[in-house]
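Biologist: Let's go through this one together. I'll ask, you answer.

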Amino acid sequence: MRIQVTRTGGFAGIERRAEVDTSGRADAHEWHALAERVLAGGHEAPPAGVPDGFSYAITVDGTTVYCADPRLTEEQRGLISRVLKEGA
Amino acid sequence: MTNTSISLILVAAGDKGVTQCHGFLMTANPTGHEPVFCTIVPPHLLDKAAQSGDPALAGPARRTLERDALERTRRRLTTVIGAPAMLPPPEASPGKPHRTIYDAGHLTDLPGTKVRGESDKPVTDATVNRAYAGLGATFELYLKAYGRNSIDGSGLPLNASVHFDRDYNNAFWNGEQMVFGDGDGQLFLDFTNAVDVIGHELTHGVTQHTANLTYFGQPGALNESVSDVFGSLIKQYALGQSAADADWLIGAGLLGPRVTGQALRSMKAPGTAYDDDELGKDPQPATMADYVQTSSDNGGVHINSGIPNHAFYLLATALGGNAWERAGQIWYDALTGGELAADADFAAFAQLTVKVARDRYQDGAELENVLKAWQQVGVPTQ
């Protein structure tokens, strides 16, 4: 499973992207479970955000959902955080 | 007695998002009294100025800043000593801010725990005190320069949450309050470090209560630009800097040790604020010839804001003196006069600044330089 996160906006307006490929990872099942919950809870189009808030696009094996600060679910926040920290 | 309050939450450039936010009610503290204008220059600004590479600049700048800070402290102490014992209810004391700072405790529930209210003494957490001072500096500029009583013009309480999430690299306005992150310490530092960032976020509140510019495309870039303009003016006012003395940077003091750059944006020279391996290069254009068409960042609201930002810089430096006076007044009149449409593009805003400049200053240097500034950045005023 390939999980990509693209973060745009924010006060700085600097885009950030990262991707995690879960194949071969010991914790792959955790990633899969989290990604599936995020896909189920995301928006099909970018939602309205707030001034200077981050906007996110999360793509899991070709399917993309969107979300924006400050209204993220715990699952969205967790997945975004992990991909941007551990991804390349 | 109670109002819907505005809070500020500063979030640092992190990789994490806010999980939720909600409105809340704030009741003014009925026991204390805070001097009307209690702007303490944030220590980082003093540091920044004192770090100028040119000793001929750094010495006088440092002395000026120290004197400013001393005078502000003296004024504050005098006011505190002379203050009446009881605080009048807020509706009876126009011209006084009603600030509350909350600590989100590195979580994402807003607003968090109240840590400093209006009239409370400074606490040990410098981030809290910087947010408090920044709210005061913002309130003071709007009141002193433009006669505006807080964000909504009616004394709206000002709320800010600090220490939002962990390593959060952002600050934002959630429609009701400010949110500040601590930064990750590598790319970004504490977002309360820059008083212009605090002023920027609160100005989103002013815009929301006035022209309510749509946060997308050109009206979105105008929304961003007026936040940069008044954020910079709040810093200039707090430091007592003229247009010629100001750095015209947004977010100086925010970039971490790993970053090659001086700030996040430059109104004087858009596109030159940073050029870094990790962050990339400052993408802002200065003129319409380099306008960036993009679907990301809400249609480039933080990118194309460089164009109206630069127009303001050109006007303010052409007029000279204090930028918050004539140049700031023209921008303020355009933003708050009731004639700016929510979907205004750059040209509509430029035309309105021409009109309000003529209304207020007739056919003088102000009008002439407004026309010149927009012409220089390639925005038509006809």
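Biologist: In what order do the four strands of the open sheet in chain A run?
Modeller: This is a predicted model. The pairing in this sheet is antiparallel. The edge strands are β2 (16-21) and β4 (63-68) of chain A, each with a partner on one side only. The order is β2-β1-β3-β4.

Biologist: Which residue in β4(A) stands opposite A:Tyr56?
Modeller: Strand β3 of chain A covers residues 54-60. Its pairing with β4(A) is antiparallel, over six bridges. Opposite A:Tyr56, in β4(A), stands A:Cys67.

Biologist: Where does the largest nonpolar core lie, and why?
Modeller: This core holds 101 residues. Among those touching the most other members are B:Phe180, B:Phe312 and B:Trp331. Both domain 1 (2-209) and domain 2 (217-377) of chain B give residues to the core, so its place is between them.

Biologist: How many residues make up the second, separate core?
Modeller: Look at chain A for some of its members. They include A:Ala35, A:Phe54, A:Ala68 and A:Leu72. The count is 16 residues.

Biologist: Over which residues, starting from 1, does the pLDDT of chain B stay under 50?
Modeller: Chain B averages a pLDDT of 82, and 76% of the residues score at least 70. One stretch below 50 is 59-90. Where pLDDT is low, the predicted coordinates should not be read in detail. The stretch you ask about, with 223 contacts beyond four places in sequence in the model, is residues 1-52.

Biologist: What ipTM does the model score?
Modeller: Two scores are given for the model. The pTM is 0.80. The ipTM is 0.91.

Definitions and conventions:
Residues numbered from 1 in each chain as written. Chains lettered and ligands numbered in written order. Predicted model: local features only at pLDDT ≥ 70, side-chain atom pairs only at ≥ 80, totals over all residues. Core = buried A, V, L, I, M, F, W, Y, C linked by C-beta atoms within 7 Å. Buried ≥ 20, exposed ≤ 12 C-beta atoms within 10 Å, placed from the backbone. Domains from an automatic or database assignment. Pairing = 2+ DSSP bridges. Helix = DSSP H or I, 4+ residues; strand = E, 2+ residues; numbered from the N terminus. pLDDT = per-residue confidence, 0-100. Contact = placed C-beta atoms within 7 Å.
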